[in-house]
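The following exercises concern one residue at a time and then the meeting of two chains. Please attempt each task before reading its solution.

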Amino acid sequence: MRRIICLGFLIIINFTLQSTIFGFHDINCITPNLLLILTMSFGLMRGRKEGLLVGFFCGFMVDCFISGIMGPFMLLYMLIGYVNGFFHKNYMIEDVLLPLIVIIIDDIVFNFLVYIIYFLLHRRLELSDYFLNIMLPEALITSLLTVIIYKFYVLVNRYLKEKDRGKEAK
Amino acid sequence: MRYDRKKDISPKYLLLALTIICVILMIVSFFAGEKVAFIKKYTNSIITPIQQGINKIGVWTDSKLENLKEIEELNCENDKLEKEIDGYKEQITIYQNKLAELEELRALYELDESYPEYNKTAAHVFAKDSTSWFSIFYIDKGTNDGMFVGANVMCHDGLAGIIIECYDDYSKVRAVIDDNSNISAKIMPSNALCTIEGNLNTYQNGVLVVKNIDKDAKITVGDKVVTSHISERFHQGLTVGYIAEITYDTNNLTITATITPAVDFNNISDVLIITDKKTEVD
């Protein structure tokens with residue numbers, strides 16, 4: 001229960017930050033994908049199931065807020081969370097390289113799929129321009145933030161785990 | 001792994017179930033958007049107050065930081081400007097005389113009709129879309145303040161966008177630079193009709209694309225592009241931008257031009273919304 005509340009809180013905070021602070025005064029700018037970091041972190045630390053659920057609700061927020069129809073972002077975040085869960089086997093607390101590599105791949109895959117759904121099918125063919133101007137900067141800034149935020153999530157996860165364990169011991 | 005307990009569901013089945021939910025939601029919202037609109041409404045009503053709060057904190061800190069930085073600059077500038085003002089005062093009187101003359105002449109030609117005055121209300125922008133791909137922003141006025149879907153949103157003197165979704169206390173605005181935006185417009189002195197397409201890719205270079213201009217139209221760089229009278233959703237005569245570049249299409253029938261938008265989309269915090277409906281004006 002504590003975990004659910006904590007995760008819900010994190011999702012809401014991340015979403016509001018992503019939509020306000022990083023686009024402050026600027027309608028059209030590169031926004032780091034904080035929700036993707038959240039999905040990736042919990043997928044990696046807790047396995048497929050939690051990655052899946054966190055991704056689902058992150059996508060739900062994005063869908064409610066920007067996309068005209070409900071669903072596409074939900075599916076996207078969810079799948080990414082699920083796939084990241086497979087790396088749970090290789091997860092180690094001190095390891096920073098794995099989440100970094102995973103988030104870069106995640107972000108590029110995520111943006112590439114968004115490009116295909118919303119732009120390529122909309123007759124915007126200049127992939128190289130979109131790649132250089134949007135996907136690459138976003139992947140960079142997201143991965144930079146990952147280094148900082150991931151550590152925080154590790155701490156949160158450790159705290160939650162200890163509480164869970166404490167409860168079971170009782 | 002911790003799925004061995006009996007009450008846990010296998011992630012595979014969970015994935016399947018949630019995927020089905022997503023697909024159903026997509027289909028339902030695609031064919032009957034109103035049926036799922038309530039989900040958006042309730043979720044957003046939780047999120048928007050938080051966003052507005054964070055935005056206020058952002059504006060506050062931003063203004064404080066700016067203040068500190070600007071005090072020194074402003075002192076220097078103030079001295080310089082005071083000297084300039086004396087010069088301008090003289091010019092103002094000259095212009096005032098000219099303005100009076102202009103107004104007289106306009107009255108004579110009845111030109112005022114082509115620049116109708118619209119009723120406007122101001123609103124704050126409090127959030128933008130959370131990806132790098134779209135140009136959508138949220139304003140803090142909704143149906144309770146007389147907003148409606150299709151209301152034109154202005155910023156400074158230019159057209160900024162159009163309201164595409166309207167809720168009780170906030171509305172969603174699609175900027176003219178968004179990839180899905182398409183506006184019927186005309187180029188000012190020559191009255192040539194055209195369509196303005198938002199394009200994320202060209203906006204990276206600071207321009208929008210104007211298509212379908214007749215090849216015989218006499219247009220030059222710097223011409224003003226305004227919304228046209230034939231547009232169903234936009235009021236006529238709102239400035240969108242100024243022509244930056246003209247190229248002839250390969251079909252030799254139309255011209256494509258690029259325009260610099262009149263609104264600075266990198267710095268939008270307050271906007272004006274036209275509260276008149278298009279049909280009522282006509």
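A residue is called buried when its relative accessible area is under 20%, and a salt bridge is a side-chain nitrogen of Lys or Arg within 4 Å of a carboxyl oxygen of Asp or Glu. The model examined here is predicted.

**Exercise 1**

Determine what surrounds Asp63(A) and whether its charge is paired or unpaired in a salt bridge.

*Solution.*

Step 1. Locate the residue: Asp63(A) belongs to helix α3 of chain A, which covers residues 48-65.

Step 2. List the contacts, leaving out residues up to four places away in sequence. Within chain A, Asp63(A) touches Ile69(A), Met70(A), Gly71(A), Pro72(A), Phe73(A) and Met74(A); from chain B, Lys40(B) is touched.

Step 3. Test for a salt bridge. The nearest side chain of opposite charge is that of Lys40(B), at 7.7 Å. Because the cut-off is 4 Å, Asp63(A) has no salt bridge, although the residue is buried.

Step 4. Look for another polar partner. The side chain of Asp63(A) reaches the backbone nitrogen of Met74(A) at 3.1 Å.

**Exercise 2**

Describe how chain A and chain B meet: how many residues are in contact, and what area is buried between the chains?

*Solution.*

Step 1. Count the residues: 60 of chain A are in contact with 62 of chain B.

Step 2. State the area. About 5700 Å² is buried between chain A and chain B, and carbon and sulfur atoms give 65% of this area.

Step 3. Examine the charged pairs. The rule finds one salt bridge across the interface of chain A and chain B. Asp179(B) and Arg124(A) meet through their side chains in a salt bridge, with N to O at 2.4 Å.

Step 4. Add the polar contacts: twelve residue pairs across this interface are found, with both residues at pLDDT 80 or more.

Step 5. Identify the elements on the chain A side. Those giving two or more residues are α1 (2-19), α3, α4 (72-85), α5 (97-118) and α6 (127-169) of chain A. The most comes from α3(A), with eleven residues.

Step 6. Sort the residues of that side by type: 33 are nonpolar, 16 polar and eleven charged.

**Exercise 3**

Classify Met188(B) as buried, partly exposed or exposed, and find its contacts.

*Solution.*

Step 1. Met188(B) lies in the loop between β6 (182-187) and β7 (192-197) of chain B.

Step 2. The relative accessible area of Met188(B) is 28%. Since partly exposed covers the range between 20% and 50%, Met188(B) is partly exposed.

Step 3. Apart from neighbours within four places in sequence, Met188(B) is in contact with Lys224(B) and Val226(B). Met188(B) and Val226(B) are 38 residues apart along the chain, and their C-alpha atoms are separated by 6.7 Å.

How values were computed
Residues numbered from 1 in each chain as written. Chains lettered and ligands numbered in written order. Predicted model: local features only at pLDDT ≥ 70, side-chain atom pairs only at ≥ 80, totals over all residues. Heavy atoms only, no water. Helix = DSSP H or I, 4+ residues; strand = E, 2+ residues; numbered from the N terminus. Buried < 20%, exposed > 50% of the residue type's maximum accessible area, 1.4 Å probe, protein only. Lys, Arg positive; Asp, Glu negative; His and termini not counted. Polar contact = N/O pair within 3.5 Å; in protein donor to acceptor, adjacent residues only side chain to side chain. Contact = heavy atoms within 4.5 Å. Buried area = accessible area lost by both parts, 1.4 Å probe. Nonpolar A, V, L, I, M, F, W, Y, C, P; charged D, E, K, R; others polar.
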